[in-house]
Amino acid sequence: MSESLLDPVLAVRGLRKSFGGVHAVDGVEFSVAPGEFVSIIGPNGSGKTTTVNLISGLLRPDAGTVEVAGQRLRSGSQEAAAGAGIARTFQNGRVFGSLTVRENVEIGLHTTLTTGRPWQSLARFPLLRWLPLLAETALALVPTPAVRAERRATDALVDTQLARFSERLAPRAENNAYTLSYANRRRTEIARALALRPTVLLLDEPAAGMNQTETAEVGQQLAELKAAGQTIVLVEHKLELVNALSDRVLVLDEGRVIAEGTPEQIQNDERVIEAYLGRRRARTRVGDAVAETGTEKVTVGAD
Ligand SMILES: Nc1ncnc2c1ncn2[C@@H]1O[C@H](COP(=O)(O)OP(=O)(O)OP(=O)(O)O)[C@@H](O)[C@H]1O
C-alpha cells in the first residue's frame, strides 16, 4: 500500500531525544497510512526503542511532534497516546505475574471504561482525586445495570482476544501469569494491546527470545492482523519476519532514518548493507548473540 494515497494515521516529525551526550533519536520523521505495516530495523542502539517510547508517550521528546489522525499528541503523555488509539508492547514483555491472564488483558481496558469509572476528569485535581476513586469503588460493590452491561462487553472483548491465541491463552485464562511460558507472556501482552482496538499498534520485538516455531506463529498472527486492516509499526531484528510482513521498512542508524522503502529496496540499499548488515556480519564473526537472530529462517503465511 502506498503511503501517499491516504492521509497518514501516524505522523512523526523531527523527533529528537538525547541522553546526556548520546543522540538516541536525531530528527526521525516518518508517517504511516491506515492499514499499513511499517517495520523499523537497525543495529543495536540505533534508536528504535527510544522512537517507540517517544511515540507512545513513555518519554518526552527534546523536539518534534507525533500526530495521530491529524491530531497532535501532548508530548510525553502515555495517557494522551493511549487516548488517541496508540497501543504498544514492550521489548522485554510486561505482564503482571500475580494477575491472571484474563486480568492482564483486561487491565489495558481499564482506562476506556466509562460507566464503571465516573468523574475521571476530576482525577486531575489533587484535592478532588478521591471522588472518582470513591465512585468507582461504590459501583464495583453495587453495580448498576449500565455497569453490568459494560462488564459484559469487556468480558466479551477479552474473550475475543484470548480466542485469537486459541489453545495458547484461552485454556490458561484463569491461570496466574507467572505460570506462563515466556512465549505465552508475550502473547498475553499482545492480546492486552489488541483489546484496546488500537488505531496504531506498536510492537517492540514481539518475537525476541522466541524459537523458530514460536516466531513463525507470531508472524502468522501479525499477517492475520495485517489482513484485517490493523495499522502496525513493528520494531524487529528478525529480518525474515520483517521481509515477509512489511509494506515499508525504515532503517535507523545512530538515531537517524538512513533508508526507507519496500523490503526488496532495503535489502539492496548500499547504506543499509554498510550500516546494518555489514555490522551484523562483523558482529556475527565475533559471536554476537543478538546478531544471530537475524539469520533465522522464518516462514510467514501470506496475507
Ligand atoms: N534511558 C536511557 N538512558 C541513557 N541512554 C539511553 C537510554 N535509553 C536509550 N539510551 C541510549 O540511546 C541509544 C538508543 O537506544 P535504543 O534502545 O533506542 O536503541 P535500539 O535501536 O532500540 O537498540 P536495541 O536493538 O539494542 O534494542 C543507545 O545508545 C542507548 O544506550
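Here is a short walk through this predicted model, from the overall fold to the ligand shell. Residues are numbered from 1 along each chain as its sequence is written. Local features need pLDDT of at least 70, and side-chain atom pairs count only at pLDDT 80 or more, while totals for chains, interfaces and linings use all residues.

Let's begin with the protein chain, whose secondary structure comes to 12 helices and 10 strands; these are DSSP runs numbered from the N terminus (helices H or I, at least four residues; strands E, at least two). Of its 303 residues, 40% count as buried, meaning that 20 or more other C-beta atoms, placed from the backbone, lie within 10 Å of the residue's own.

Next comes the largest nonpolar core, a set of buried Ala, Val, Leu, Ile, Met, Phe, Trp, Tyr and Cys residues joined through C-beta atoms within 7 Å. Among its 64 residues, V200 and V251 touch the most other members. This core lies between domain 1 (1–95 + 199–303) and domain 2 (100–179), because both give residues to it; the domain bounds come from an automatic or database assignment.

An open sheet has four strands in the order β2-β1-β4-β5, with antiparallel pairing, where a pair needs at least two DSSP bridges. Its edge strands, β2 and β5 (71–72), each pair on one side only. Two bridges join β4 (residues 63–68) to β5, and V68 has Q71 in β5 as its bridge partner.

Strand β2 (22–32) also brings us to the ligand: β2 and α1 (48–55) each supply at least two residues of the surrounding shell. The largest share, three residues, comes from α1. Members of the shell include F19, N44, K48 and Q91.

Note on methods:
A residue is near a molecule or strand if its C-beta atom, placed from the backbone, lies within 6 Å of it. A residue is buried if 20 or more other C-beta atoms lie within 10 Å of its own, exposed if 12 or fewer, and partly exposed in between; C-beta atoms are placed from the backbone.
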